Every structure is written in structure tokens, then in C-alpha cells.
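Student: Could you take me through one helix of this model closely, and then show me what surrounds it? I would like the cut-offs along the way.

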Amino acid sequence: MSEECADSANCCGSCDGAGDRGSGAVLGTIRLQVQRYRPDLDTAPSVQEYDVPWGQDTSVLDALTWIKDELDPSLTFRWSCRMAICGSCGFMLNGVPKLGCEQFVRDYAPGPLLVEPLENFSVERDLVVDLEPFMSRLAAVKPFVVADDVPLAGPGNLQTPEQMLAFHDYAMCINCLLCYSACPQVGIAADFLGPAAVTAAVRYNRDSRDHGEDLRLPVLDSEAGLWACTFVGACSTACPKGVDPAAAIQQAKAAAAKAWAGEFVLPRHGAVR
Amino acid sequence: MQTLRADIAIVGGGGAGLRAAIAAASANPELSIVLISKVYPMRSHTVAAEGGAAGVVGEGDSIDKHFADTVSGGDWLCDQDVVQFFVEHAAEEMYQLERWGCPWSRKGDGNVDVRRFGGMSEPRTWFAADKTGFHLLHTLFQTSLKHASIARLDEHLALELVVHDDRVAGVLTYNQRDGYPVLVEAGAVIMATGGAGRIYAQNTNGAIVTGDGMAMAYRAGVALRDMEFVQYHPTGLPGSGILITEGCRGEGGVLLNKDGHRYLADYGLGPETPIGEPKNKYMELGPRDRLSQAFWHEQRKGSTISTPRGDAVHLDLRHLGAAYLHERLPLICELAEKYLGVDPATEPIPVCPTAHYTMGGIETDVTTATGLPGLYAVGECASSGLHGANRLGSNSLAELVVLGKVAGEQAAAFAWSEPTGPSVAVRTAAQDTGARLVSMMGRGTEKPALIRAELGRTMDDGVGIFRTAEGMAATAAKVAELKERYADVQVVDTCPVYNTDWAGVVELGAMLDVAQAMVHSAIGREESRGSHQRLDGFTERDDDRFLAHSRAWFRTEGAPTISYAPVAITTSQPARRAYGAAGAAATAPPSAAAPGASAPEGASR
């Protein structure tokens with residue numbers, strides 16, 4: 001099995017191995033140092049090493065699936081789309097949060113490459129982390145259009161290109177949570193909403209169809225909400241989709257401060273803009 | 001085993017399952033709904049759909065045209081009552097998504113824009129750049145969070161349906177996070193588990209697209225219908241199979257062989273349309289089955305381009321310019337750059353046909369009901385009758401929401417009118433099934449990775465774009481052999497939580513059952529229609545014998561039983577299916593169909 005490359009996606013059909021993995025030339029072998037942890041047996045995580053042959057197109061995810069198919073079926077990680085849109089395969093690669101499917105082994109050669117679970121999450125098993133805290137934070141910011149019920153007949157809402165632009169990039173978040181791994185505050189302030197959840201709130205707040213800013217404000221405008229952010233900007237650097245959560249958080253802070261100032265003028269900040 | 005009770009259980013958290021959940025919760029907030037997904041819902045493969053969702057809104061367009069395109073696109077194997085319902089409700093569902101926040105691409109005046117798509121006679125495909133599925137999925141998922149009556153079981157792998165007293169009684173699942181089986185007792189179950197594209201070696205699908213729901217319904221005695229119809233998308237990346245949207249061609253992209261020739265003109269799709277003037281139903285905007293078949297012929301002729309990743313043709317987008325490409329097709333630019341090192345603004349993208357979509361699935365009627373009382377099915381896992389022998393691009397995202405809503409409302413009505421109580425028999429049966437499946441952990445000798453790889457190869461070989469009796473028989477024999485080996489399949493991992501080795505093996509079992517239904521359905525269909533094309537004497541459509549849906553019935557031992565059921569024909573009698581100038585001639589009024597008149601019109605409009 002050692003002479004096939006680990007390029008699960010790209011098959012040249014010339015190898016006799018497990019069929020759909022294999023491809024043109026094997027360009028080298030890289031040592032992957034993968035963090036393992038099995039909760040029912042292990043007291044602490046450990047690192048296991050695997051030597052993986054790779055070719056031009058072998059992604060880090062391909063390398064992991066090759067290990068799982070050829071060397072060690074117990075290696076555990078999440079993945080699905082392999083095209084950087086489902087958000088499943090975030091890992092720490094040599095200490096940096098990345099999507100495994102869009103990182104290529106050739107860029108880490110000759111290695112070794114250290115693969116660890118996303119930082120700032122508790123580890124469920126091997127490279128699988130606990131997403132539940134994020135899921136509840138996402139739900140907490142009410143990430144949906146709050147509007148009066150409008151009958152469906154008719155042409156729908158109009159939205160000019162400028163109105164679209166106000167929220168569009170923030171709607172690109174794939175919930176991969178690399179930003180939570182990059183953010184120093186997520187590690188320190190346990191209740192911090194975090195970059196992606198705040199971004200989801202701001203995405204709807206800035207959508208001309210939405211009237212829910214008022215409902216989201218109490219969640220955002222709290223110590224654990226927005227204000228834990230110290231504007232390091234690591235989230236925006238880590239984001240594989242160019243979302244810029246740091247900008248979203250800054251906009252939310254400005255809006256919250258304005259709403260706070262408004263309290264002195266108006267009896268309550270209104271839902272109608 | 002933990003037991004939960006719910007009024008409605010929905011299996012699958014993609015577009016169809018989420019739309020059904022929202023519809024059920026809206027229809028009756030008193031019903032308890034459990035949404036079961038083997039991944040977090042926003043990971044579902046709806047996320048990877050790119051091009052758009054069809055719904056008639058444009059001036060000059062009509063639901064009659066959408067109906068006609070869909071029925072002819074499906075080579076008259078569509079159930080026309082279903083098509084009629086679908087085209088009548090597609091646009092309102094697009095508007096519903098708009099109200100829920102879907103960022104549809106818009107025109108300068110703020111109205112929603114539509115783009116051209118293959119086989120569609122008018123621009124009617126709503127799009128959110130080239131991430132339509134992603135936006136649709138996240139919009140539906142986030143909207144579902146509004147509804148307190150929707151409880152989620154995320155990362156619960158559905159294992160088997162439980163049937164009692166000839167009606168569905170629930171779903172047995174496995175909680176990956178905590179590591180034990182969970183029975184969801186429910187009198188109404190909606191299957192929304194997506195397709196089965198991973199059965200093929202080269203496919204556009206994510207790892208999770210393994211036909212689980214199809215297999216569960218099939219094993220529970222429900223027919224899988226029209227399983228021989230598997231769509232090859234004409235433009236996947238060679239090797240990986242990553243999808244390059246039809247939207248590229250809708251925006252004006254052209255396909256070139258190794259000589260730089262727009263070869264589609266040689267396959268009944270011409271005359272050639274000028275570069276930069278894409279024309280509906282001509283050339284690159286022909287239907288997917290015809291385009292994939294044309295590639296196959298070009299490959300046989302030696303006219304394709306040899307690349308390190310496999311044979312390909314060129315998808316040329318250069319004339320669209322960098323700015324337009326980044327506005328309309330940003331994901332395509334990103335994918336081409338990352339996975340091939342190609343900038344589509346300066347270089348053509350190598351592409352080839354790739355297994356993409358299962359037209360067939362769990363047999364349902366227009367209400368999404370299956371033959372098993374209480375069981376509904378919707379989305380790619382279902383055969384609603386909408387797509388016939390070949391689906392038109394952008395009809396499936398629309399189907400998720402149009403019929404997803406129907407499924408939710410139907411299940412809600414059924415659950416309300418025919419509630420079920422707890423049953424010892426159901427719990428015992430589920431307990432036994434769970435114990436049997438869990439006992440696979442740590443046993444067996446046959447490597448699942450090998451079985452999976454051999455399955456993919458034999459499906460590509462025997463039931464690919466073109467088929468022969470000999471090739472299909474070889475694949476049938478191979479699948480039977482793989483099923484035998486699967487009886488002793490190896491699961492190395494013994495850990496109860498996140499045992500993805502074991503989960504992959506459970507999925508492989510589903511893939512083998514579904515593959516067997518596909519190949520035997522294909523063997524039975526002695527004609528060529530839509531995506532089922534034969535080279536062995538059955539090269540023509542045969543309406544006398546096969547204007548019929550195939551139905552595959554599961555048998556514990558051996559091949560499935562295949563039977564046939566009539567197609568619902570309402571207003572459109574089967575006719576010759578033609579595109580390009582021939583298509584224009586066939587549909588034009590007699591005076592305009594004179595030879596010589598249609599071809600120049602086809603070339604210039």
C-alpha cells in the first residue's frame with residue numbers, strides 16, 4: 001500500500017490500491033503528527049505519527065482519509081464536501097487554524113505536519129471538537145429575519161446593491177469556527193459570544209429586511225457579548241471566506257454605543273428604523 | 001437505548017428536511033418535531049449546490065413553459081401532475097426564501113435577478129452568486145431556530161426505520177456524541193436524506209451522500225423508483241469531481257475539445273451560438289444528459305484533452321472578464337484557483353462528466369406520501385416523479401422547498417389525525433436492531449475501504465453514461481460479491497463515541513443496497529431514455545414498452561424484484577426530444593418551422 005499517493009480525490013487509475021485514491025506521481029512522503037484522544041480509554045491526548053505518500057493535488061484532508069482507509073480506521077475527524085463550503089474539516093495545522101480540504105500537503109513538505117483539533121474547544125475525540133457551545137451562541141443571537149408577517153403575494157422586498165452590500169459579506173460565514181480557534185479572547189472569556197455568532201447577529205441587523213436589532217441588542221450589549229472583544233483581528237485573518245468578523249464586531253459595538261446614548265433621549269430604542 | 005417520543009421525526013437536516021420542519025412547525029405549533037441529522041444541519045450537502053433554483057418570474061416566461069421544459073427534459077418520464085404542482089408553486093417558495101433573508105442576487109433596481117440554465121427555455125433560475133445552495137441551507141437552518149417546537153438531534157446517524165402494524169412507528173438512530181442508540185418513536189416520519197452519489201467513484205458529492213434514507217425505506221418494503229436514472233453533471237473537475245456549476249454556461253461559458261472546437265454543435269445542440277450570446281436550449285445550454293453523452297463520444301474519438309487528472313474538455317469563461325466572473329461566479333474562481341491553479345479569467349478550466357444526482361429514489365406521490373402509511377419522502381432521496389429520466393439543473397433546489405413544505409404539512413396533518421402511543425413491540429424491535437448493528441464494532445475481516453472503492457469502480461464501469469447488458473451484468477455480479485463480503489465487513493474501531501469507522505460501514509451497507517437497486521433497474525430497462533443510454537440494440541426510446549416507472553423491491557437474499565408502474569400523463573403526450581435548431585423547429589408553429597428558417601434564427605437571436 002505504500003506506493004500509492006494519498007490523493008483520495010484525484011485518481012489516475014494506474015495504481016492497484018484502494019481504487020479512488022492514487023494519482024500520478026508520488027512526489028514524496030510526509031510525516032503527519034496527529035493528536036489522538038479516545039475519551040473512554042485515555043486520560044490525556046497523545047500524538048501519533050503516520051507517514052503518508054503525497055502527490056501534487058493531495059490535500060491535508062486527503063492525507064487524513066488515506067490514513068483512515070489504509071493505516072488506522074480508528075482515526076476520527078469530521079469532513080464532507082471537500083470543497084471548502086460545508087465547514088466541517090477545520091484543524092490546527094502546525095498551530096494555525098485551517099480547513100483541511102483546501103490546504104495541500106505540498107505546501108507543508110517535507111514536514112513534519114502537526115495536525116491538532118481546533119483550539120479553544122473541548123475535544124470530544126481525536127480531531128473532533130465540541131460544537132455545542134457555538135450552536136447555543138448562534139441560536140442566542142436570533143440569526144433570522146425578524147419582520148412583520150407579510151403576505152407572500154407580490155414581488156417580495158426590493159434591495160438595492162448598496163443595501164445588499166451592507167450585510168452580504170457577513171452572510172458568507174460557513175460556521176467552520178476557525179475564528180474561534182484564532183481568537184485569544186475566546187480562550188480567556190468563556191462566555192464570549194465569539195466572532196461567528198456576533199457576525200451572524202450583525203448580518204441580520206444590517207439587512208434592510210430585518211427589524212430585530214432591538215431583540216439582539218441585550219445579547220450583544222453585555223460583557224460576554226461584544227465587549228469581550230479586544231479587537232486583535234485574528235478572526236479576520238483566520239477566516240477562509242473573507243468574512244471579516246472583526247469589522248462586524250466593531251460595527252456592532254458602534255451600534256450598541258449609539259443605542260445606549262439613545263436611551264437618554266428616547267424611552268426605548270425602537271424596532272422601527 | 002434511549003427512547004424519545006415525537007409527533008414527527010424528520011431524517012435529514014438539508015434543504016428538504018429543514019423546509020419540512022418549518023412547514024410542520026408553522027402548520028401546527030402543538031406538534032413536537034424531531035429533526036435528526038448525522039451532521040450538524042449546516043454541513044448537509046445542500047450547501048454545495050451552486051447554480052440556482054428555478055421559479056417563473058420573468059416577463060415572457062410562463063409556468064406552461066417551465067412545465068414543458070421539465071417534461072421534455074425528463075424525456076417524458078415525469079409525472080405531469082407533480083410537474084404541474086411544482087411549477088405553480090416554485091416562485092412563491094423563492095419569494096418565501098427571500099422573506100427569510102436569502103441573499104438572492106439582484107438587478108440594479110433591487111428586484112431579484114434570474115439566470116439562464118440548461119434545458120430551460122427562459123431565464124428563470126434564481127441565484128445567490130454561485131453559492132445558492134449554501135445560502136438556501138443557512139437561511140433555512142437559521143430560520144428553523146425561530147421554532148421552539150423543532151428539537152434537533154444533531155450528529156445522530158439514522159440506522160433503520162421501525163414499522164409496526166403496517167405503518168411507520170419511528171426511526172432508530174445512534175447518538176455519535178454520547179455513544180448509544182436512540183429510538184425516536186413517531187407516527188409520522190419524513191425521509192429527507194439526500195442522494196447516493198458516493199456510490200460512484202468519481203462524483204460531485206460530499207462524504208455524507210450515501211443513500212441512507214433510500215436504503216432504510218427500501219429495506220422497510222417501500223419501492224425505490226427509477227433508480228437506473230443517475231445524472232452525470234457535464235462539468236466536474238477531473239479527478240476530484242468537484243462541481244463546476246452549470247451557471248458558468250448560463251453566464252456564457254463555452255465547451256471546447258482539444259482542437260478548440262465547440263463540439264456540442266456536432267451532437268444535435270447547434271448551430272453554434274456566438275461567443276458571449278448564450279441562448280437557452282442551444283449548445284452549452286442543452287440538458288445535462290446530452291452534454292455528458294457528447295463528452296463520451298468525444299473521448300472515444302480521441303478529441304478530449306489528456307490531463308494528469310484524467311480526460312477533460314475545456315470550459316472557457318475568459319470572455320466574461322475578471323470583474324464579471326468575480327461577481328457572478330466567485331466560488332468557481334476560488335475552486336479553480338485552489339484545486340487546479342487555474343485563473344478562469346485567463347485560462348480555460350478542464351472539466352469532465354461526474355456522477356452528480358439520483359433522479360430516482362423512494363417512491364412518492366404528489367403529496368410526498370410513500371406506500372407505507374406515515375412515511376413521507378422529499379428531496380433527492382425521493383422519487384416524486386418531477387425529474388423523470390433527466391433532471392434539469394435548478395429544479396432540484398426548488399423541489400426541496402416546494403415539496404419540503406408539502407411534506408411538512410402532510411406529516412403534520414397525519415400526525416394530528418392518527419397519533420400513535422408507545423409500543424413495547426416497537427421498542428423491542430429497535431433494541432434488537434440497535435444491538436445487532438452496534439455488535440459490528442470490533443469485528444470482521446473485509447476492509448470497508450476496499451469494498452467502497454471496488455463498488456465505485458464497478459458502478460462507473462457498468463452503469464455510467466452509456467450501458468450494455470454485458471457491462472451491467474458484470475456490475476450486478478460484482479455488487480452481489482461485495483454484498484457477500486460485506487457480511488464479514490471489518491470494523492476496527494471499538495470506541496462508542498464518534499465511531500466514524502463503524503458509521504462509514506453502516507453507510508456502506510446502504511450504498512450496497514441502493515447500488516443493487518440501481519443496476520437491476522438499469523438491466524430491466526431495454527431502451528434508451530434520458531440519462532439511461534444503452535449501446536446494445538436498445539439505443540432508442542421505446543414508449544410502447546417503457547413509458548413506465550421502474551420499481552425495485554428489496555429482497556433479503558439476492559437481487560431485487562423489478563416491476564413497472566404507469567407514468568402520469570396529463571397534457572403533454574410523448575414527443576421527440578430535441579434541442580438547438582431541431583428543438584426550435586419542433587416547437588415552433590408550422591409556418592415558422594420551415595427548413596432554413598429555424599437554423600439562422602437559432603444562430604443569431
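Tutor: Happy to! Let's begin on the outward side of helix α13 of chain B, where Glu470(B) and Glu484(B) are exposed; a residue counts as exposed if 12 or fewer other C-beta atoms lie within 10 Å of its own, as buried if there are 20 or more, and as partly exposed in between, with C-beta atoms placed from the backbone. Before going further, note that this is a predicted model, in which local features need pLDDT of at least 70 and side-chain atom pairs count only at pLDDT 80 or more, while totals for chains, interfaces and linings use all residues. Residues are numbered from 1 along each chain as its sequence is written, and chains are lettered from A and ligands numbered from 1 in the order in which they are written.

Helices (H or I, at least four residues) and strands (E, at least two) are DSSP runs, numbered from the N terminus. Helix α13 of chain B covers residues 469-486, and its end C-alpha atoms are 25 Å apart; this agrees with the 26 Å that its 18 residues should span at 1.5 Å a residue, where the expected span is 1.5 Å times one less than the number of residues.

Opposite the two glutamates, Gly471(B), Met472(B), Thr475(B), Ala476(B), Val479(B) and Leu482(B) are buried. They lie on the same side of α13(B) because they cover an arc of only 140° around the axis, the arc being that of the directions from the helix axis to the C-beta atoms. These buried residues pack against α12 (448-462), β19 (466-467) and α14 of chain B; contact means that the C-beta atoms of two residues, placed from the backbone, lie within 7 Å.

Two of those partners lead us outward. Helix α14 (residues 500-524) of chain B gives 14 residues, the largest share, to the largest nonpolar core, which has 265 residues. Such a core is a set of buried Ala, Val, Leu, Ile, Met, Phe, Trp, Tyr and Cys residues joined through C-beta atoms within 7 Å. Among the residues with the most contacts inside this core are Ile8(B), Val189(B) and Met191(B).

The other partner, α12(B), takes us to chain A: with 6 residues, α12(B) gives the most to the side of chain B that touches chain A. That contact takes 52 residues from chain B and 51 residues from chain A. Helix α14 of chain B also appears here, since α3 (80-99), α4 (132-144), α9 (330-340), α12 and α14 of chain B each supply at least two residues of that side.
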